[in-house]
Amino acid sequence: MAKVAIMGFGTVGSGVYDIIKTNSEKLTYSTNGEAVNIKYILDIRDFDDHPEKELFTKDFSDILNDAEVSVVAEVMGGLHPAYEFTKSLLESGKSVVTSNKELVATYGTELLEIARNKNVNYLFEASVGGGIPIIRPMHQCLTANNIKSIAGILNGTTNYILNEMIKKGKTFDDALKAAQKNGYAERNPAADIEGHDACRKIAILSSLASGKTVDYRDIETEGITNITLDDVKYAAAMDSVIKLIGYAKLFADGRIYSIVSPMLIKNSSPLAGVDGVFNAILVNGNCVGNVMFYGAGAGKLPTASAVVAAIVGSVKHFERSKKIRWVNPETVVLAGGEDKSFAYFVRTKASADEVSKVFGKCEFVDNIVADESAFVTGEMAGSEAKEKFAKLDIVSSIRILD
């Protein structure tokens, strides 16, 4: 029998408990006959009405010092004390599984190295895409490929907001209120709508794909707060939609270009039809071409299912590390904006003649808003785009996903 602990009994932690209890027979089968048994649940709150209130503890050392506990699910969130607890557990020879994207993006390099040295596992399938299997497929199923690019809708809250704007004609503010009312957005939604959540996730995927640490703090990040209904209407007129995209391009010389930004996507793209709070990740490998992973990117049971799957993987591979790792690069790994070119959809108060003088040949779009010009540029590096935009009175500019 495998004894496990759950650290944090919020939305995901309670989901982990429910799945282990409900699907115990299936889990025992999946571990080749070893039952998964919860021995501790760590939380600072009291749960006196819980049917198994004896499982709860407020003392982390109960878990750390119990030799029977072999796998711990860290679903506390945040950096501290999650980092200190996780590090101590790994150093003591216990495997840890997590849904904590902030922790993996910030300390993943160190924690993976400790796990490798201690021959235990640090697994984080649930940290990107909720219930969507993406970490294991990239680490195992696509291992024969050199990953060329990743483009993902990595945040369900922003996708819901944009979908409300696209399908129902709501303003950004009204769509955000709807997301909060339905429980898809926090009271303080900054991490979602400003792109920080998606940034951490694309940093994890970029690190995994390249084998090198990609620091999310170095990734250019732009949220959706400046997207307007007029932008959405222009996109529709161009047979396109606007999505918040976490993007990474891996160059042959080992460098990585990564960005989080609203992007215009043609309706023919498989990413265009991803609606509501769903996530999707499009991975391009040099052998397999494009493959897409789609599903519920958050939520109690979808995320918990990924955590429990990682628990099962750790039980099956007890005392054998799965060798997921990335390392700090010896040289700068992130490419700059001048290394990746995008075409842009641009709205400006300038006349068509003024636009042509600055951008040369470009494709003009029929005006939806009076007294402005709308057009699509050719592909430009970021530095060139910034220089040209500075010469005109720009209303908005949105990258176009190639």
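A polar contact is a pair of N or O atoms within 3.5 Å, where, within protein, one atom must be able to donate a hydrogen and the other to accept it. Keep that in mind for a first stop in this predicted model: the side chain of Asp402 makes such a polar contact with the side chain of Lys340, at 3.0 Å.

**Around Asp402**

You will find Asp402 in the segment after strand β17 (394-400). Is Asp402 buried or exposed? Its relative accessibility is 58%, and exposed means over 50%, so Asp402 counts as exposed. Leaving out residues up to four places away in sequence, Asp402 touches Tyr247, Lys340 and Glu379. For a sense of distance, take Phe364, which is 38 residues from Asp402 along the chain: the C-alpha atoms of these two residues are separated by 19 Å.

**Around Thr57**

Now move to strand β3 (residues 56-57), where Thr57 lies. With a relative accessible area of 10%, Thr57 falls under the 20% limit and is therefore buried. Which residues does Thr57 contact, leaving aside its neighbours within four places in sequence? They are Tyr40, Ile41, Leu42, Asp43 and Asp62. Closer along the chain, a polar atom of the Thr57 side chain lies 3.0 Å from the backbone nitrogen of Asp59.

**Helix α5 and its partners**

Two packed helices are described by the angle between their axes and the distance between the axes. Helix α5 (residues 101-118) gives us two pairs to look at in this way.

In one pair, helix α4 (residues 82-91) packs with α5 at an angle of about 10°, and their axes are 9 Å apart. Angles under 35 degrees count as roughly parallel, so α4 is roughly parallel to α5. On the α4 side, the contact is made by Ala82, Tyr83, Thr86, Lys87, Leu90 and Glu91. Leu103, Tyr107, Glu110, Leu111, Ile114, Ala115 and Lys118 make the contact from α5. Sorted by class, this contact of α4 with α5 holds eight nonpolar residues, one polar residue and four charged residues.

In the other pair, the axes of α5 and helix α10 (residues 196-210) come within 9 Å and cross at roughly 50°. That angle makes α5 oblique to α10. What is the handedness of the crossing of α5 and α10? The crossing is left-handed. Here α5 contributes Lys101, Glu102, Val104 and Ala105, while α10 contributes Asp197, Arg200, Lys201 and Ile204. By class, the contact of α5 with α10 has three nonpolar, no polar and five charged residues.

**Backbone details**

A few spots in the backbone also deserve a look. The peptide bond from His80 to Pro81 is cis, with omega near 15°. Pro81 sits in the loop between strand β4 (69-74) and helix α4.

Two other residues, Asn32 and Asp239, have a positive phi although neither is a glycine. The table sets them side by side.

| Residue | Phi | Loop | Relative accessibility |
|---|---|---|---|
| Asn32 | near 60° | between α2 (24-30) and β2 (36-42) | 67% |
| Asp239 | about 55° | between α11 (229-237) and β9 (240-250) | 45% |

How do these two values of accessibility read? At 67%, Asn32 counts as exposed, whereas Asp239, at 45%, is partly exposed.

Methods:
Residues numbered from 1 in each chain as written. Predicted model: local features only at pLDDT ≥ 70, side-chain atom pairs only at ≥ 80, totals over all residues. Heavy atoms only, no water. Axes fitted to C-alpha atoms, helices over the stretch in contact; angles between N-to-C directions. Helix = DSSP H or I, 4+ residues; strand = E, 2+ residues; numbered from the N terminus. Parallel < 35°, antiparallel > 145°, perpendicular 65-115°, else oblique. Left-handed = near helix turned anticlockwise from the far one by under 90°. Contact = heavy atoms within 4.5 Å. Nonpolar A, V, L, I, M, F, W, Y, C, P; charged D, E, K, R; others polar. Buried < 20%, exposed > 50% of the residue type's maximum accessible area, 1.4 Å probe, protein only.
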